[in-house]
Amino acid sequence: MTPPTGAYRLSDEQVLLRDAVRVLADERIAPRAAEIDRSAEFPEDIRQLLATHDILGLPFPEQYGGVGTDLLTVCLAIEQISRVCATSGLILAVHELGALPILLAGSDEQKDRWLPDLAAGRTLIAFALTEAEAGSDASAVRTRAVRDGDEYVIDGGKRFISQGSVADLVVVFAATDPAAEKSSRRLSAFVVETDRPGFAVTRIEHKMGIRGSPTAELAFSALRVPASNRLGEEGDGFGIAMRTFERSRPGIAAQAVGIAQGALEIAARYARERKQFGRPIGELQMIQAMLADMDAQTEAARQLLYASCAAIEDGAGDAARWAALCKLVAGDAAMRVTTDAVQVLGGYGYIDEFPVERMMRDAKITQLYEGTQQIQRLVIARSLLRDS
Amino acid sequence: MQIVVLVKPVPDPAAGAERLTPDGQLDRAASPAVVNANDEYALEAALKLVTAHGGEVSLVSMAPAAAPETMRKALAMGAHRGLLVTDDALPGACTLSTTRVLAAALRDLEFDLLLAGADTSDGGAGVVPAGVAALLGLPYLSYAAKIEPSPDAGTVRVHRIAPNGFDVLEAPMPALVVCTQALGEPRYPSLKGIMAARSRELATKGLADLGVSSDEASGAVATTRVVDSTTPPPRPPTRVIREPADEAARQLVAFMAERRLI
């Protein structure tokens with residue numbers, strides 16, 4: 001059998017779903033985007049909208065009430081929403097990120113317990129791996145989980161947890177064997193209901209972009225969870241996190257492609273309408289060159305994203321590489337394209353009367369979270385050097 | 001309760017690509033098709049009625065063979081099945097032919113209510129529903145702002161928009177109701193609805209299947225034809241007032257006063 005190559009063609013169904021999400025995004029989400037950014041409040045109305053229209057159900061199998069689509073379709077939806085509002089696109093991306101550990105490593109009983117409410121969007125879930133001292137070095141997690149009879153007692157804290165303050169469930173990665181011989185066996189993953197005693201939100205970060213998405217600091221103090229909330233076996237946590245990233249990083253790449261596309265469309269429209277020296281600035285070759293480069297970079301990132309989704313879905317042995325490739329390229333494209341969009345709009349691009357300054361601020365996060373661009377390069381290089 | 005909704009694929013008005021062929025027919029290949037907006041209000045009303053009273057919604061359309069794609073969008077909103085009448089003899093058909101074809105298709109169906117949009121954004125004649133009601137001998141309740149069926153009594157009550165408010169009409173079912181925007185905004189299809197629509201029944205029939213001959217209904221026996229058409233003059237450029245609020249308000253008021261709008 002030849003290895004997956006990332007060959008894909010959008011199915012009729014994928015095109016239909018993508019277009020339906022686009023209409024919803026244009027008509028219902030775009031008008032809210034500026035206010036969501038300004039108020040820096042989690043857009044509960046948009047969360048309800050995404051739930052009502054089954055968009056939050058995209059990543060979940062039909063047997064649990066989800067739509068049961070593949071990774072590419074989830075990414076098409078994130079892209080379309082992020083095109084008008086990166087914060088809103090992140091609601092779906094984080095929901096998928098948080099649910100993936102259950103989808104990948106949960107028992108049938110655990111899936112029955114949590115997935116129906118998640119698929120219906122009745123509950124939200126977050127993913128809590130990062131700590132103040134454990135960012136790129138995820139194995140350095142200090143949060144402890146100690147077995148006590150049928151329960152675990154969790155102590156410690158997490159930082160930079162997207163939607164950590166609005167989620168009903170948080171997947172917490174904690175060390176069950178801090179002295180494990182292999183550092184990859186130190187961690188275990190637990191699904192924590194956020195109404196349990198000992199769970200606290202201690203801070204909401206003030207951020208440069210994705211301002212409507214609450215980024216929380218969480219503290220766990222003698223937080224007791226039943227052993228039946230542990231995903232997989234003790235020591236499986238790190239592996240679960242890494243397998244999760246293979247499927248969640250494309251979601252961030254999709255967010256990045258969406259942001260870039262949104263900025264490109266606004267810059268192109270502005271170039272047609274804005275007149276200087278007696279003619280539209282779009283007739284100036286320097287502007288044309290910028291727009292052409294923006295389009296080429298956005299389309300290249302999009303095609304790599306779709307190909308990566310196809311390869312990962314087809315069971316590529318180097319799924320981590322595909323995930324890192326698309327996130328690296330898309331995150332950088334989003335940053336360049338949004339920066340150039342501000343340039344095309346000139347002074348108007350720098351003020352909040354136009355959305356491109358917001359898009360530029362939003363784009364930056366896609367180079368940082370779910371692994372910095374440097375971590376993506378590390379993943380790619382390791383795969384390359386191992387295989388050759 | 002069984003409800004049939006008449007739906008028509010029309011050129012997407014938002015695409016702005018509507019044009020006629022040299023012989024005066026609508027060039028349907030020139031523009032992407034959407035469900036006629038007024039028909040969406042009718043479909044929304046039908047879906048709400050079956051949610052409240054139980055039952056199913058069927059779509060009936062006379063359209064070119066490419067219409068199933070558009071009808072799937074209506075199925076995605078929640079309709080249960082669709083029937084498309086399409087035939088090589090039908091392009092160029094007039095409203096009379098359309099009325100005869102739809103009436104023939106509906107004779108084979110059982111329904112309590114037949115809902116239609118007030119008119120279509122392409123033809124715009126607005127006479128087909130009335131013609132269908134006449135041919136089928138159905139009560140005709142037009143310009144509905146509210147539809148209240150009593151399935152047990154076998155009657156339907158409609159608030160008809162009138163110049164001075166509403167006329168309240170009551171008729172035995174089955175009846176034909178012409179729907180308006182006052183019935184409520186059509187829903188967006190949910191993603192599950194879109195997936196489900198792909199497996200819903202969408203039957204296709206030709207004129208022969210309905211027992212209609214092309215002497216009764218076809219492009220060849222059209223009673224009307226377009227002899228000339230002109231494009232509306234382009235809109236004058238939009239004037240944007242960028243003054244501070246006080247001055248902007250003064251200019252806005254002056255602008256409207258000049259045109260006797262206030």
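**Close-up views of chains B and A**

Three bridges join strand β7 of chain B (residues 140–150) to β10(B), and the two run parallel. That pairing opens a set of close-ups from a predicted model.

**View 1. Strand β10(B) and its two partners.** On one flank, L141(B) of β7(B) has V177(B) as its bridge partner in β10(B). Strand β6 of chain B (residues 113–117) also pairs with β10(B), in the parallel sense and over five bridges. Here L114(B) has L176(B) as its bridge partner. How many of the five residues of β10(B) are buried? Five of the five in this strand (residues 175–179) are, so β10(B) is largely enclosed by the rest of the structure. The burial covers both faces: A175(B), V177(B) and C179(B) sit on one side, with L176(B) and V178(B) on the other.

**View 2. The cis peptide bond between M173(B) and P174(B).** Step back along the chain from β10(B) and look at the bond joining M173(B) to P174(B): it is cis, with omega at about 0°. P174(B) belongs to the loop between β9 (165–172) and β10 of chain B.

**View 3. V7(B) and what it touches.** V7(B) is placed in the loop between β1 (2–6) and β2 (9–11) of chain B. Is this loop residue buried or exposed? V7(B) has a relative accessible area of 6%, so it is buried. Leaving out residues up to four places away in sequence, V7(B) touches V35(B), D39(B), L59(B), V60(B), S61(B) and M71(B). For orientation against View 1, V7(B) and V177(B) are 170 residues apart in sequence, yet their C-alpha atoms are 13 Å apart in space.

**View 4. Helix α2(B) and the glycine after it.** M71(B), one of the residues that V7(B) touches, comes back here as a buried residue of helix α2 of chain B (residues 68–77). T70(B), A74(B), L75(B), A76(B) and M77(B) are buried in this helix too. An α-helix has 3.6 residues a turn, so residues three or four places apart point the same way. After the helix comes G78(B), with a positive phi near 135°.

**View 5. Chain B where it meets chain A.** Pull back a little for context: chain B has 262 residues, and 41% are buried. It has seven helices and 11 strands, and its C-alpha atoms fill a box of roughly 65 × 50 × 40 Å along the principal axes. Now zoom in on the interface, where nine residues of chain B are in contact with 19 residues of chain A. The area buried between the two chains is about 1,300 Å², with carbon and sulfur atoms giving 69% of it. Which residues of chain B lose the most area to chain A? Y188(B), L191(B) and M195(B) do, and together they account for 55% of what that side buries.

**View 6. Strand β1(A) beside β4(A).** Over in chain A, strand β1 (residues 125–128) pairs with strand β4 (residues 169–175) in the parallel sense, over four bridges. A128(A) stands opposite V172(A) of β4(A). I125(A) and F127(A) point one way from β1(A), A126(A) and A128(A) point the other way, and all are buried.

**View 7. S162(A) and E205(A), linked through T215(A).** S162(A) lies in strand β3 of chain A (residues 151–162) and is buried, with a relative accessible area of 13%. Not counting residues up to four places away in sequence, S162(A) touches V94(A), A126(A), S213(A), P214(A) and T215(A); A126(A) is part of the strand in View 6. E205(A) has its place in the loop between β6 (199–204) and β7 (215–226) of chain A. At 15% relative accessibility, E205(A) counts as buried, because the cut-off is under 20%. With the same sequence neighbours left out, E205(A) touches R159(A), F160(A) and T215(A).

**View 8. Positive phi at A40(A) and D54(A).** Neither residue is a glycine, but phi is positive in each: near 55° for A40(A) and near 65° for D54(A). A40(A) has its place in the loop between α2 (33–39) and α3 (44–52) of chain A, while D54(A) is in the loop between α3 and α4 (71–84). Which of the burial classes does A40(A) fall into? A40(A) is partly exposed, with a relative accessible area of 36%. D54(A), at 12% relative accessibility, counts as buried.

Conventions: Residues numbered from 1 in each chain as written. Chains lettered and ligands numbered in written order. Predicted model: local features only at pLDDT ≥ 70, side-chain atom pairs only at ≥ 80, totals over all residues. Heavy atoms only, no water. Buried < 20%, exposed > 50% of the residue type's maximum accessible area, 1.4 Å probe, protein only. Pairing = 2+ DSSP bridges. Contact = heavy atoms within 4.5 Å. Buried area = accessible area lost by both parts, 1.4 Å probe.
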